[in-house]
Structures are given as structure tokens and as C-alpha cells.
Amino acid sequence: MTINSITNRLEVGLFRQRFLVLLLFVATSVFLFFQATQIKLDASFTKNIPLNHSYMKTYLKHRENFGGANNILISVCNEGGDIFNAKFFEALKGVHDKLFFIPGVNRIQVKSLFSPSTRFVEIVEDGFAGGPVIPANFRSDAQGLAIVKSNIEKSGIVGSIVSDDYTCAMVKASLMETDPSTGEKLNTILFSEQLEKEVRNEFEKNGITVHIIGFAKMVGDVANGAKGVVTFFGVAIAITAVMVFFFCHSIRLTILPIACSLVAVIWQMGLLSTLGFGLDPMSILIPFLVFAIGVSHGVQMINSVGKLVVSGKTSLQAAQLSFRALLIPGGIALLSDTVGFLTLLSIDIGIIKELAITASLGVAMIILTNLILLPLLVSYMHISKSFGQKRVENDSPKQKDSSIWHVMATFAHKGPASIILGLTLILFLMGLYHSQDLKIGELHAGAPALHESSRYNQDTFLITDKYAISVDYMSVIIETIPDACTHHHIMDAIDNFQWRMENVEGVQSAISLASVSKIVNAGYNEGNPKWRALSRNQQTLVQSIARIPSTSGLLNNDCSVMPVILFLADHKAETIDAVIKEIKLASEDLQLDNIEFKLASGPVGVMAATNEAVAEAQLPMMLYVYGAVILLCLISFRSVRATISVVVPLFVVSTLAQWLMTVLDIGLTVSTLPVIALGVGIGVDYGIYILSTMSEKLRNGDTVGEAYLKALQERGSAVLITGVTLAIGVSTWFFSDLKFQVDMGILLTFMFLVNMLAAVIVLPALAAFLWPNKGETIK
Amino acid sequence: MMKRSIAFVLLYLTNQCVMAINTPLPSVIAPLASKSLLLDIVNIEQQKLVAVGERGHILLSLDAVNWQQMQVPVQATLTGVYFVDTMKGWAVGHDATIINTLDGGKTWHIQQFKPELEKPLLDVVFKNDMEGLAVGAYGQFFRTEDGGNTWHSEFHHEFLLPEDVEYLEELKNEDEEAYLDEQSSILPHFNRIVLDGRTLYLVGEIGLIAKSNDFGKHWQKLAEIYQGSFFDLIRTQKGNLIVVGLRGNAFRSLKNGTPWQRSATNTTALLNSLVLSDDDRIFILGNNGVVLESTDDGLTYNQHIQEDGKPLVAGVWFDNKIIAVSDVGIKAITLTLPGHN
């Protein structure tokens, strides 16, 4: 009752002052449009990781010392032969020098054949001899190249700085989060563009190829791919417009919901920019979603207006009545969308939180634009008789429609209903069984955000193939006492830990200060492998470590912190799980006083933390989103039965979506986890629209069958159109350059379409049993 | 009272520490043991191969393809292994470890474990199942005459340089402790000990080649031919001697001992080990994947550099192949005789 009176007051107030209200909308739109033009594409490394996860605390704590995971690798390759020619060395030197001067690069750590720290050491009768691999007086003639070649062989850099087959050489650098000269945050996307322009374009010619990998480059490529979204947006708008036109046969009525939805998108972007947020490549899809949701609610509105006009009302009356009729179900539906998105805030990963804010803001805007602005605009519109006539004409084929509605109405009778429910149960159980195989994490090699065929992933494959390095590594950080590396028992524990991990399937190789110091110890003993052991003698042990600088990333300044770096075969979820499990076991078994084995740093350490955060967030997120939906249904319908008939189909569809993920090899990741919440939040709309009509009729004494038939006649076509519109909006993502957008597109399309089907098939079948007395009495 | 209890605690802690060092830990069976750093290998009467290496790894194989890791009571890096027959064998290594087996390598027992010496043993040899010698870094020299139940350290003055003899004499009179300390590190490393009939050869640091006709009781240094270290010595099928060492140095002596002639090897890699084939070829295994082959009894060598460049530490001839050990474990190297296919 109170809700009704509020609706009344709102209606009277808004429509009496409609000109003023419209003016307010226009002013706001102008301001927010200006703000929206200022919005920036924004990506940073820390946003992608769960900062409060214990692994990431370790990672952040030691990032200063060990550079963390933000590195860039550039492999310069000679297509037609080996590296020993003047042309190649010129290109390599060019790349090295160029990279050195790009802002954001930590210049001390630029490493290639040309860096003075790349040295060779050889053992001679009276000790060591050595020097830089490329001598100061280097000339790229036959003699000079021969010297470099023999130095490379002595230096042990084949596989890291020079490729195994001598056709490529590497330039490595680590990046700084802030530029020390300006104090500004590193602009990853700009940095990536500079790499592309000043390094790749400049030096990739005459048979020389340049391959670039690293987080910064990946983000740049993702951002580039994300720009393609503008095209998809245009396509989605066009297709949606055609759909809406087929539905209402009026150009004006087509333009209105689309324009209002665009206003919602503008407001959303404007507000984001005003609040200081940027658009992340991952949340760049949200405007689509907002647009699609806006259109789908707009369609409900013009559907209602159109029907009222045909029945003889003026456009103002029709608009007022539609506003009153749709404010509650539409408001509830949009509110549950908003709440559904807000539940994502509970996940402690910056990028998902941002997505939650972006999406819930956008949907909240739709409440204003499509439930208020749209009817106000409609009220000004002169809806021609021809429209009415068309609607009437439309009603004659609609007789067929109606016969379809009659067929569908039988779903609400117990006979067909029990068959539907039986089939649904079977599907649900199958879905439940198969969704047990749902994998958490990335299931494919390479950068998961990008397609396998993308330049970035091809470069990754080339580099991991040609060099003995892997981008899939994880560091276990050993925290211990100062000068720990001078104690045999501590180094021995690290060494034993490393060996144990090397024996785990999925670990390809490992390196630590302990393993390197053993090799150095052999070096001090004429290179005799029989001395490749940790010396019990403290002076000898110190000697074997003294030559290893902290820039090696194997120790900090007082060697109280030493990582064991594990190179993995890949970053698939199973591999990571198995390795993490063994690390935990091993660190318990090897527990000593003063030594802690801390997880984890390196790219795979980040993935492990993200996987764990995603896995932990899954259940609470589902509970919150369903809790919110149930609560809102209970409030709006004030009926447990109605709530059950809305929520059960939703849950079945969520389960089926998980099954689909296992079939399509899509893992539960930072980008697919939100899809479940989005799918549920939006999927509930259909049920709410249908049931709001149904429960009104049921309250008036209709049977379930009658109530459902009336609901179909009133809202059926709009619900179908809504489902299709939403699905179209997201299905354009199938063609995205970004793999995660494709995954999100597939899942959302599935969720939207199947939720719609469930709302018109499973919901009435459930209702048939939940309101049993009314179900069969008349039939 | 307080002080006493603190002292007691300290004493207790020190004891704990000493205990920790002196208690050997058993080796761990690991899937990758046959791919770990292995340092010596023996061929027992063409029936069985035994390889030893880091972390107390001992591996047995009957076919050089399938290797089985044995449980060993130490985790010390093992550097040398020797069998007198198919059953009785010894292995030595870091922490002055000596272990033995009586059942062909299946079970092993500790005979000596002295981590406090902080020195590795590098080779072991037995004349029969009772009399044996273990040698190692800084002139370590242990002898047993009861099959290894007891080992006694010997200091061989004959390996001292003349000026060191004087220096030690002086020190002995002045400072007993410094004398003992100096004595324990003044001798060169003994890298390899080779029994050739009744003659025993010892090679090591600073160009050391020595021979003994009474199983190591008295030694006679051979004339100095090279400043660097030697790592292996062998009598060829034709009865000549070959010695190899640092930076690609290989020498050949036609009659016992003299005169040595340098062979061209065209490599500067450290040469670790000599292997004789049963078709009169001689192989030298070295660091950086170096395999040198001689078909003329060590006069000239062909290079067969292994692509992975891994150090080849030791090897045996088995089943027409070289079975070598390296820092990535067992490696089978097939080199067919030129002219044969």
C-alpha cells in the first residue's frame, strides 16, 4: 500500500513538472557527456591481483628487492641465419639503446649482450680470467664476431641472453611503477605503444624480427584489442534498433528506448570519470551491458505504452499509466541487477571491484533514464493513428501469436508441467555433475586474455621455445636471519627444498642462491663438478656467494631473504595447484628455526593467489547474489511461492552455465567469475516481469493457467524481445580480439537466452505445483 | 645461579648443534635421481652399473636404461665408487664420508662420516676386500686393512714441496695448533687413485702424478710436466699411460713414466675422465660436453662435442656405448667406430 502511494506521488509530481524534470535531465546529460569524453583507458598491474591475499602480501613486501613480475623481454631474431653478422648486431644494439632510454625502464637492469654486466669467466691454471662478452673495442667484422662467439660460449648465457640455436638474442628490462624523474605513475599503455613504435617498427626489417613479451606489453595489446569494442558497440546498437523496430513498427518508438539507454551509458561514463575512475579493458564491456539492459527495459515501457494507445488512451495517459505499472517491477528488476553487481565488491581483486562499481552505477542510471526519462519523453510524443492501426494489424498475425501463447500457457498445467520439471531436474543433475569439473584459473598456455594466434602469444611461444626460460615461474620466498647465506644448514635447507620441488611434476627447473653457489664453488675448484656442493666451511661458503650480486634476484642485501624460483611447464590451474600443495608440504617437512618458506611471487605466484581468491570468492558471491535476489523478490511479491518460482529456474541456469564452461574449456577466472553474478542479476528480470503480472492475476482469483496466459499476452513478446536484445548486445563480443571478452560474451549470451527460456517454461511449470488448488480446478 | 643455567643452556644448544651436524640423514628417494648431478660410475664385470652423486644418490642398473635409486644412510655428495667384486663395494664423498655395501649395492652402511673436517674425499680404491685407500681434498689419505671397519689417516710428507717441509718444521716447534691446522690444508688435492696391477698411481693438483709399488705406503713423484691439475690416468690397451687434466691437457707416456708427450686436443675444457672401449678406442670425457676419441692409442684425438654442453664427469664402456655421468645424470653416448657402421 505504501509502495503504491509512493508510486502515485512520484507519478503526479514527475508528470506535473515534466518540463522542468526534462530540463534537469538535459542539463545533467550535457555535463556528464563532457565528463564522459574525459574518461581514460586505464590498466595497472596491482589492480589485477588480490592485494590482501597472503601470497600477495609476501609479493608486495619483497617487490623492491626482487623486481616482482613486471618485466619486459625483447627477443631480436635473425630469420635467415644465426646472430653473428653485422646487420644483426646493429639491430640488437639499436634495440638495447632504445629500450634504455624509454621512460619507466629501470636502466640499471637493462640486460643484453651489450650490457657491461654480461661477462664471461673462464678457468685458467692460476684462477679465473674473464671480461665483458662484447669487448670495448668490438667491431662487427669476422674477427670481432668470432671473439664474441667464443665469449658467449664461455659465459653460460646461452638459453637466457642468446637463444639455444643462436638465431636470437634477448634484451631484458624491468619496469618501475613510478617514473623517478617525474614521480608519475608508469603509463603502461603508453609504454607499450612506445615499444611498438620505437622498437618494433624501427628495427623489424630486412629479415630481423622483434618479439616482445611482458606484462606491460600484454596490457598494451589488450587495450588495443579493447578499442575494437567501439565497432562492436556500433553493431550492437544497429542490430538492437532493427529488433526494436520489428517489435514496435515505429521509428520514433524505436529511437526513444535506444536514445534513453545511450543516455544511461553517457551518465555512467560521466559519473565514472567524475569519481576518478578509468575504464579498464575488462570493464570496457560494461557499457554494452548497460545499453542492452536499458533497451530491454525500454522495450517493456514502449510495449505497455503501445498497447494502451491502441486501447484508445492519449500518449500522456498511456505514459503515466505505464510509468505506474512498470516502476515497481522494473525498479525491482533493476535494483536486483544493481545489488547483484554490488555483491562483486566482496571479491578482493581491484579489477572486479571496479567492474562492480562500473556496472552497478550504469544499472542505477537506467532506473532514472528508462523508467522516468523514457515515459516523460513518450508523453510528449504524438503517437499517430497509423501506429495504432499497425498495432491492430499487427494483432491479426498476433492471433497466431496468441495461439502460441495458448500453447505455452499449457506449461502451467500439471501434466506438461511435470514433464518440464522432470526434464529440468535431469538437466540440472547433469549440470551439477559436470560442473564439478569446473576448473579454476587459466586453462590455456600463453597470455589468457589474448587469442592463441595473437602476435603477443605467438611471440611468447617463440621465446619459450627458443630460450631455456619460461615466463611461467613462481618464487617461493625464504625469510630468515641476516647473513643466513653464510650458514651451511640454512643453505642446505634451501637446497633440499629446491631439489624436492624440482621433483614435482610440472616443475621444469629451479634456481636459488644455493644452487648457484654450488656451481660457483665448483668454479673456484677449477670447474671440477665434484666440488659442486655447499661448503661446510664458512669462509668457502661466503666466497662462493660473494660473487653473486643482489641484482641477480637471488638474495637481498643482507641475504636474510632468498627466493627459490620454480620454472613451471605451464600456468594451468592443475599444475599450479599441484605445485602449491607440494610447496606447503615441503615447507612443513623442512621446517627449521629461523626459516620461513613464504608463498609466493612471480607471475605464477600471482596467478596462484588470484586462483585462490577466485575460488574463495565463488561461494560467498553466489550466496550474496542469490540472497539479494531472494530478498528483493520477497519484498516485492510478499510471497514465498513467487520467490521460489523466480529463483529456482535461475539457479538451474547458473548450474547449466558452469557445465557449459567445462564443455568449452573456460576456467573460472577474474573475468568469468563476475559473469555468473551478472547473469543471475540480469536473468532475474524476466521472471520478475512475468510473475508481477501473474501474481496480480492470481490475487484476483485467476487460475495459474489463466494468469500465465494473461502475463504472456501482456508481457510475453516484450520478454522475448528483451532476451534477444540482451543476447545480441553481448554476442558481438564473440568477434573480439580478446579471449576473455569472447568467453564473457559466450557465457552472458547463454545466461540471457536460457534464463529467458527458463522464465517462460520452467517458471510456469513450477507455479502450477506451487499454487496447486488453482492449477487444476477449472481445467 | 643464573649464569650457570645460562651456561648450561648454551652448552646444551652447542651440543644440539654438534649433534645436528654429526647425525647423517638418510638419502631421499626422488623421481629425478637419475637426472641429478652424478659424479662417478663403475661397471661391475659387465653385469651391473653403479653410479653415485649428489645428495647421497646411488643408482643401480643392469641394462644402463632403467636405473633404480638405492636407500643410502647419508645425504652427502658422493664423488667416487669402487667395487672389488660383484658384491663388495665402497663409495666416498663430501663430509669425508665412506660407506660400503656387501650385497652388490642394495644396502649401504656408514664406515666414516666426518663433516667437521669440512673436506671432501674424491676417490677410493681397494686391492682386495680388506685393504683399501680413500683420498681427497688437501691431501686427505685414509687407509683400511680390515675392509673399512677402521680407517686411519696418513700424512704423506713426500708430497710436500721442499720449502713447505721447512715451514712446517718451524711451525711445529712454535705453535702446535697452527701446525696441525696448516698440515691439514697444505697438501694438494688428490683427485684420482688408480690401481694398475701392482702399481698404484695418484694424480692431483699442481701437476701431481705419483706412483707407489707398496699400495701407497711410499710414493714417488714423477717429474713435473704441467702446472695445472690432473684428474685421471689410465693404462691403455697397448700398455701406454695417458693422463688428463685442466684446460684440455692430455699427455701420453710410451714406457712406464717417461717421457711424457703432450697430445693435441683442440679444447680448453677441463678433462675429467678416461674411458677404454673393447674395440681399442680411448675416450676422454670433459666439461662443456667434450668427448674426445682416439683410435691410435692416444696419439691423436677427434672431437665429438655433445650439443647440450654438460660436463661429463666419468664414464664406463657398456654395451658398445659410453655410459657417462654428468650434472644432468646418466647419459648414453653412442660413437660408432669409423669404418664400421
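**Exercise 1. How many residues of chain A are in contact with chain B, and which classes do they fall into?**

Start with the definition: two residues are in contact when their C-beta atoms, placed from the backbone, lie within 7 Å. By that rule, 16 residues of chain A are in contact with 26 residues of chain B. Next, look for where the chain A side comes from: helix 17 (residues 488–502) of chain A gives the largest share, three residues. Finally, sort by class: the side of chain A that touches chain B holds four nonpolar, six polar and six charged residues. Here Ala, Val, Leu, Ile, Met, Phe, Trp, Tyr, Cys and Pro count as nonpolar, Asp, Glu, Lys and Arg as charged, and the others, Gly among them, as polar.

A word on the model: it is predicted, with local features needing pLDDT of at least 70 and side-chain atom pairs counting only at pLDDT 80 or more, while totals for chains, interfaces and linings use all residues. Residues are numbered from 1 along each chain as its sequence is written, and chains are lettered from A and ligands numbered from 1 in the order in which they are written.

**Exercise 2. Describe chain A as a whole.**

First, count the elements: chain A has 26 helices and nine strands, taken as DSSP runs (helices H or I, at least four residues; strands E, at least two) numbered from the N terminus. Then take the dimensions: along the principal axes, its C-alpha atoms fill a box of roughly 105 × 50 × 45 Å. Last, check burial: 51% of the 779 residues of chain A count as buried, meaning 20 or more other C-beta atoms within 10 Å of a residue's own, with C-beta atoms placed from the backbone.

**Exercise 3. Follow helix 23 of chain A: what is its span, and where is its kink?**

Begin with the span: helix 23 (residues 673–699) of chain A has 27 residues and reaches 39 Å from first C-alpha to last, close to the 39 Å expected, which is 1.5 Å times one less than the number of residues. Now find the kink: it is about 25° and centred on L691(A), the bend being the angle between axes fitted to the seven residues ending there and the seven starting there. As for cover, 24 of the 27 residues of this helix are buried. Just after helix 23, G701(A) takes a positive phi of about 100°.

**Exercise 4. Which strands are the edges of the 5-6-7-8 sheet in chain B?**

The sheet is open, with four strands in antiparallel pairing; strands pair if DSSP finds at least two bridges between them. Its edges are strand 5 (78–83) and strand 8 (109–112) of chain B, each pairing on one side only. Zooming in, strand 7 (residues 97–101) and strand 8 of chain B pair over three bridges, and I99(B) has I110(B) as its bridge partner.

Definitions and conventions:
A residue is buried if 20 or more other C-beta atoms lie within 10 Å of its own, exposed if 12 or fewer, and partly exposed in between; C-beta atoms are placed from the backbone.
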